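I opened this model to go through its sheet, its cores and a few single positions. My notes follow in the order I looked things up.

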Amino acid sequence: MTFKYLITGATGGLGGGVLQQIAKHAPKSDYAASSSRPEVAEQFERSGIQFRHANYQDRASLEKGFAGVEKLLFVSANTYDNEARNQQHRNVIEAAKSAGVGHVFYTSLAWGGHSSDSKIDVQQAHYVCEAMLKESGIAYTSVREGIYAEAFPLFLNYYPSSQILRLPADGAVAYASRAELAEATANLMMRGGHKKEIVLLTGAKAVTLADLVEIINDVTGRGIAVEKVPFDKYTRESAENDEGGKSEWWFEKRVSWYDGVAKGDGKAVDPLMEHLLGRKPKDGTEVVRGILAADPIYTWHQNYAKK
């Protein structure tokens with residue numbers, strides 16, 4: 001069976017959102033969901049959505065899953081280990097080429113904007129993957145997805161019980177709504193074009209972490225204070241007192257993130273998101289305000305070591 005669209009990471013927030021948007025505009029015979037976990041097939045098939053198993057660590061499953069696919073949404077691997085991520089990404093690209101996929105849409109990140117000189121740790125794996133895509137010779141679009149505003153608790157190390165937020169640095173970031181990113185990415189896939197290009201999706205304007213804290217306080221009335229701390233104190237004290245149980249190693253990995261934010265790695269704003277949505281996208285303050293108005297005790301799963 002052939003498919004116009006195959007969506008990897010279909011059980012996740014971004015992949016699932018792309019799938020939902022495509023489902024609004026395409027017949028079910030045109031698309032399929034994909035996951036590394038074959039046991040989730042039933043949840044899609046109950047709704048009449050075709051499913052293909054594709055495990056990034058298993059080349060055979062990838063080649064079989066990608067067979068007959070015209071456009072592939074390649075959601076980046078979910079690991080903090082860049083070496084492991086690079087290998088998984090190589091597996092996907094080689095399998096897509098072997099299977100004859102027509103066009104790969106890769107979900108990169110927006111750090112560094114259109115340039116490729118950000119030093120943020122997680123972005124390095126995206127640069128490697130973009131280079132692999134270019135070298136492969138396949139048709140691809142690297143979609144540098146804006147930074148999820150919904151993940152603000154992670155960036156601030158914020159919990160509903162927080163009274164003081166200790167941050168080593170701040171800077172403006174064009175945070176975007178994950179739902180709008182998914183909608184825009186799906187629209188990009190359906191419209192096509194941008195082959196062998198890197199494109200940037202961002203929120204409407206760049207805002208600081210201090211701006212987000214102001215929104216938290218305005219909506220919840222908690223009066224949370226921000227304390228600027230040196231990097232060494234940040235990693236040590238954050239790990240010692242972290243409600244989510246994250247390790248000092250985890251906070252050390254965040255240092256390049258804050259350093260990049262302070263250097264302006266997230267400040268770029270691009271009009272493509274508005275063009276794809278047909279409306280002005282939300283900015284970070286709008287997203288955070290809406291979230292907390294609906295759920296004042298909102299949390300984010302990655303803020304907890306065991307979630």
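I began with the record. The unreviewed UniProt entry annotates residues 6–234 as "domain: NmrA-like". I am working from a predicted model. Within residues 6–234 I find 41% helix and 19% strand, and the C-alpha atoms at the two ends lie 42 Å apart.

**Sheet**

I traced the strand order next. Seven strands make up an open sheet with parallel pairing, in the order β3-β2-β1-β4-β5-β6-β8. Which strands stand at the edges? They are β3 (50–53) and β8 (197–200); each has a single partner strand, so one side of each has no neighbour in the sheet. From one strand to the next the twist averages 20°.

I then checked the pairings around β1. This strand, residues 3–7, has four of its five residues buried. On one pairing, β1 runs parallel to β4 (residues 69–75) over four bridges, and L6 stands opposite L72 there. On another, β1 and β2 run parallel and are joined by three bridges; the bridge partner of L6 in β2 is A32.

I followed β2 (residues 31–35) outward to β3, where the parallel pairing has four bridges. A33 has F51 as its bridge partner in β3.

**Cores**

I listed the largest nonpolar core, which has 55 residues; I22, F66, L72, F74 and V104 touch the most other members. Helix α7 (residues 178–191) gives the most to this core, with six residues. I looked up the contacts of I22, leaving out residues up to four places away in sequence: Y5, I7, Y31, A186, M189 and M190. A second core, separate from this one, has 36 residues, among them W111, I120, F155 and F251.

**V101**

I located V101 in the loop between α4 (82–99) and β5 (103–109). Is V101 buried or exposed? Its relative accessibility is 8%, so V101 counts as buried, the cut-off being under 20%. Setting aside neighbours within four places in sequence, I find V101 in contact with F66, V69, E70, L72 and A96. V101 and E70 are 31 residues apart along the chain, and their C-alpha atoms are separated by 5.4 Å.

**G245**

I took a second loop position for reference. G245 lies in the loop between α9 and α10. Its relative accessible area is 52%, so G245 is exposed, given a cut-off of over 50%. I also computed its separation from F51: 194 residues in sequence and 36 Å in space, C-alpha to C-alpha.

**Helix α10**

I ended with α10, residues 248–262. The helix has 15 residues and reaches 21 Å from its first C-alpha to its last, close to the 21 Å expected at 1.5 Å a residue. Which residues of α10 are buried? They are W250, F251, R254, W257, Y258, G260 and V261. An α-helix has 3.6 residues a turn, so residues three or four places apart point the same way. I looked up what covers the buried residues of α10, and the list includes α6 (152–156), β7 (164–167), α8 (209–220) and α9 (231–241). F251 also appears in the second core. Just after α10, G264 takes a positive phi of about 95°.

Key. Residues numbered from 1 in each chain as written. Predicted model: local features only at pLDDT ≥ 70, side-chain atom pairs only at ≥ 80, totals over all residues. Heavy atoms only, no water. Expected span 1.5 Å × (residues − 1). Buried < 20%, exposed > 50% of the residue type's maximum accessible area, 1.4 Å probe, protein only. Contact = heavy atoms within 4.5 Å. UniProt positions renumbered as here; feature names shortened; annotations may be inferred. Pairing = 2+ DSSP bridges. Axes fitted to C-alpha atoms, helices over the stretch in contact; angles between N-to-C directions. Core = buried A, V, L, I, M, F, W, Y, C linked by side-chain atoms within 4.5 Å.
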